[in-house]
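Visitor: Hi, I have a structure here that I'd like to walk through with you. Could you take it slowly, since I'm new to this?

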Amino acid sequence: MSTYQLRDYQTDLLDRLSQSWDSGNRSVIIQLPTGGGKTICFASVVAAATAQGKQVLILAHREELITQAAEKIAPIAGMEIGIIKAGYKADYSRSIQVASVQSLTRRLTKCPQFDLIVVDEAHHSTAKSYRSILNHFVNSQVLGVSATPVRLDGGGFRGLFDELICGATVKELIEMGSLSRYKYYASAQSMSLVGVRKRGGDYRQEQIEAANPSASVAAD
């Protein structure tokens, strides 16, 4: 098992998470900006859980997130990680499983009961596939993790999470030296939204592309 020294803002975030769980909240979502170390934070929670003999499931929706989580958690927890995804050989006996949401929905009856479920990119958790998994493991403690806990349709996460705990902001992380300062470049002419309609709270991708030809945007 390797050791990883959490930064003060990460420790503070996880302390508040523990307090929320201790107060009786079963399902909690934590927020930390991109680059703030969300994966390291939940890897520490997972390692602590398995040290107590608990079974842990990490949910992700993209392959790179699945492999990233497995690679970071394995040395911190000091054990091999099971992967539940098409193209990978499953080993349901392992205490930590990282699963593709799409694959797991078809294998729920093969899995053990989990004591802790971590939902990476938790702003996707309102989807039917996520709900079916969380509804199957109704007794599990749940940790949601997201840089952007916002739904495009303007709805919230009631019924999924009991509390939202926000970590350090981008500005604070830059000031403490944990994130680099940046320069933002953009075209002098704003993108056109003429004739572009919304779907599900966001602009329709194909109409955005039609109103803003990539050649002219790239040239600017």
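Guide: Let us begin with Gln 10, which is buried, because its relative accessible area is 1% and a residue counts as buried under 20%. Please keep in mind that the model is predicted.

Visitor: Okay, and where does Gln 10 sit?

Guide: Gln 10 belongs to helix α1, which covers residues 8–22.

Visitor: Which residues does Gln 10 touch, leaving out those up to four places away in sequence?

Guide: With those sequence neighbours left out, Gln 10 is in contact with Tyr 4, Gly 36, Gly 37 and Cys 41.

Visitor: Let's pick up Cys 41, then: is it buried or exposed?

Guide: Cys 41 is buried, and its relative accessible area is 1%. Another cysteine, Cys 111, also counts as buried, at 10% relative accessibility.

Visitor: How many disulfides are there in the whole structure?

Guide: A search of the whole structure finds zero disulfides. For Cys 41, the nearest cysteine sulfur belongs to Cys 166 and is 13 Å away, whereas a disulfide needs the two sulfur atoms within 2.5 Å, so Cys 41 and Cys 166 do not form one.

Visitor: Changing topic, what about salt bridges, how many are there?

Guide: The structure holds six salt bridges. One of them joins the side chains of Glu 206 and Arg 199, with 3.6 Å from N to O, and Glu 206 also meets Arg 204 in a salt bridge, with 3.0 Å from N to O.

Visitor: Are Glu 206 and Arg 204 buried or exposed?

Guide: They fall in between, because Glu 206 is partly exposed with a relative accessible area of 36%, and Arg 204 is partly exposed as well, with 26%.

Visitor: Which residues are joined into one network by salt bridges that share partners?

Guide: Glu 80, Asp 91 and Arg 94 are joined in that way. Within this network, the side chains of Arg 94 and Asp 91 meet at 3.4 Å, N to O. Arg 94 is partly exposed, with a relative accessible area of 27%, and Asp 91 is partly exposed, also with 27%.

Visitor: Now the surface: which residues make the nonpolar patch of about 410 Å²?

Guide: That nonpolar surface patch is made by Val 170, Tyr 182 and Tyr 184.

Visitor: Where is Tyr 184, and how exposed is it?

Guide: Tyr 184 lies in the loop between α6 (170–175) and β8 (198–199). Tyr 184 counts as exposed, because its relative accessible area is 71% and the cut-off for exposed is over 50%.

Key. Residues numbered from 1 in each chain as written. Predicted model: local features only at pLDDT ≥ 70, side-chain atom pairs only at ≥ 80, totals over all residues. Heavy atoms only, no water. Buried < 20%, exposed > 50% of the residue type's maximum accessible area, 1.4 Å probe, protein only. Helix = DSSP H or I, 4+ residues; strand = E, 2+ residues; numbered from the N terminus. Contact = heavy atoms within 4.5 Å. Patch = residues over 30% accessible without salt bridge, like charges linked within 9 Å, V, L, I, M, F, W, Y side chains within 5 Å. Areas by Shrake-Rupley, 256 points an atom, 1.4 Å probe, with all protein chains shown as cover. Salt bridge = Lys/Arg side-chain N within 4 Å of Asp/Glu carboxyl O.
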